[in-house]
Amino acid sequence: MKTYTDQGKQDTRSGFGAGMTELGRTNPRVVSLCADLVGSLKIETFIEENPERFFQTGIAEANMMGIAAGLTIGGYIPFASTFANFATGRVYDQIRQSIAYSGKNVKICASHAGITLGEDGATHQILEDLGLMKMLPGMVVINPCDFNQTKAATLAIAEYEGPVYLRFGRPKVANFTPVDQSFEIGKAVQLQEGSDVTIIATGHLVWESLQAAERLHQQGITADVIDIHTIKPLDEEAILASVAKTGCVVTAEEHNYLGGLGESVSGLLARRYPVPQEFVAVQDTFGESGTPEDLMEKYGINNKAVEKAVLKVLERKAG
């Protein structure tokens with residue numbers, strides 16, 4: 001069994017900031033927009049080094065999306081950044097009409113996503129953003145798992161022509177993927193190999209799934225653990241190849257089970273290869289104020305929940 005080491009906890013939003021700093025130095029077409037949340041998005045260095053390529057729109061997120069769409073006409077690559085709640089729900093009409101419908105090369109960069117936003121509570125803990133964005137035709141949806149992968153994703157989307165939604169978070173989490181990794185949009189990453197169950201995870205739940213897989217291994221249960229950093233386009237062939245081997249699947253995500261990764265996987269399996277599936281996700285409810293750890297425990301989206309779901313799906317598979 002392959003072992004992954006936490007290289008030191010870092011927040012994924014800082015991975016975005018590191019990626020923006022590098023893009024500021026290497027790609028003169030990249031410009032940054034922010035809705036009065038520079039510190040939270042960790043883009044101070046980009047601004048210090050490229051003040052003429054930064055646009056502070058203030059608390060006017062809808063206007064920010066319109067400005068970003070306009071900048072693409074001049075050949076720029078705009079990275080429009082704010083909290084995930086404001087980057088999707090508050091401005092959905094502008095994204096649909098001005099960016100997705102017309103295929104504008106805008107990168108929507110959303111921090112503080114999911115329930116691990118923590119103490120700010122339900123009004124800011126968006127749990128439906130992946131569903132909102134993946135339903136837009138032509139929109140690429142990416143949800144990286146740690147600092148290194150978020151930085152790599154930030155660099156990769158600058159090279160992709162078309163609208164992208166990049167989702168990342170607030171808390172410091174395990175940083176365990178390679179520093180200089182290559183990031184291929186739409187390509188899953190196989191982290192563990194096993195024959196009993198497939199665990200498909202995204203974002204913060206990838207590390208939780210690896211921890212669960214380690215405990216399951218001690219019980220004689222081996223798991224394919226697959227990091228799906230790109231929700232759309234989904235790496236269908238990687239998923240199908242794994243479930244054809246294992247015969248059952250658990251999906252794990254920091255999102256409502258409606259509309260997220262799990263629903264994309266179940267739709268694929270219904271069409272191509274039906275097998276038992278269990279969902280580790282928030283069960284169609286809003287969050288509440290609390291620490292990230294306590295909230296993950298209460299809403300059933302930590303490593304213990306993944307382990308429990310695996311044992312349940314194995315029972316269904318056997319039955």
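Let's start in the middle of things: the largest nonpolar core of this predicted model has 41 residues. Its best-connected members, going by contacts inside the core, are Ile95, Ile108, Met139, Tyr165 and Ile228. Several elements chip in two or more residues, namely β2 (30–34), α4, α5, α6, β5, α7, α10 (236–246) and α11 (261–272). The top contributor is α4, with five residues.

Now pick out Ile95 and look around it. Setting aside neighbours within four places in sequence, Ile95 is in contact with Met65, Ala87, Thr88, Ala100, Ile108, Met133, Leu136 and Met139. Two names on that list, Ile108 and Met139, also appear among the residues with the most contacts inside the core.

Ile95 belongs to helix α6 (residues 92–100), where the buried residues are Ile95, Ile99 and Ala100. Look down the axis of α6 and these buried residues fall within an arc of 70°, so they line one face of the helix. What do the buried residues of α6 pack against? Their partners are α4 (61–73), α5 (84–87), β5 (107–111) and α7 (129–134).

Next, head over to Thr202, in the loop between β10 (197–201) and α9 (205–218). Is Thr202 buried or exposed? Thr202 has a relative accessible area of 1%, so it counts as buried. Beyond its neighbours within four places in sequence, Thr202 is in contact with Asn143, Ile228, His229, Ile231, Ala252, Glu253 and Leu261. Ile228 should look familiar: it is one of the residues with the most contacts inside the largest nonpolar core.

Notes. Residues are numbered from 1 along each chain as its sequence is written. This is a predicted model: local features need pLDDT of at least 70, side-chain atom pairs count only at pLDDT 80 or more; totals for chains, interfaces and linings use all residues. Side-chain values use heavy atoms; hydrogens and water are left out. Helices (H or I, at least four residues) and strands (E, at least two) are DSSP runs, numbered from the N terminus. Buried means under 20% relative accessible area, exposed over 50%, partly exposed in between (1.4 Å probe, protein chains only). Contact means heavy atoms within 4.5 Å. The arc is that of the directions from the helix axis to the C-beta atoms. A nonpolar core is a set of buried Ala, Val, Leu, Ile, Met, Phe, Trp, Tyr and Cys residues joined through side-chain atoms within 4.5 Å.
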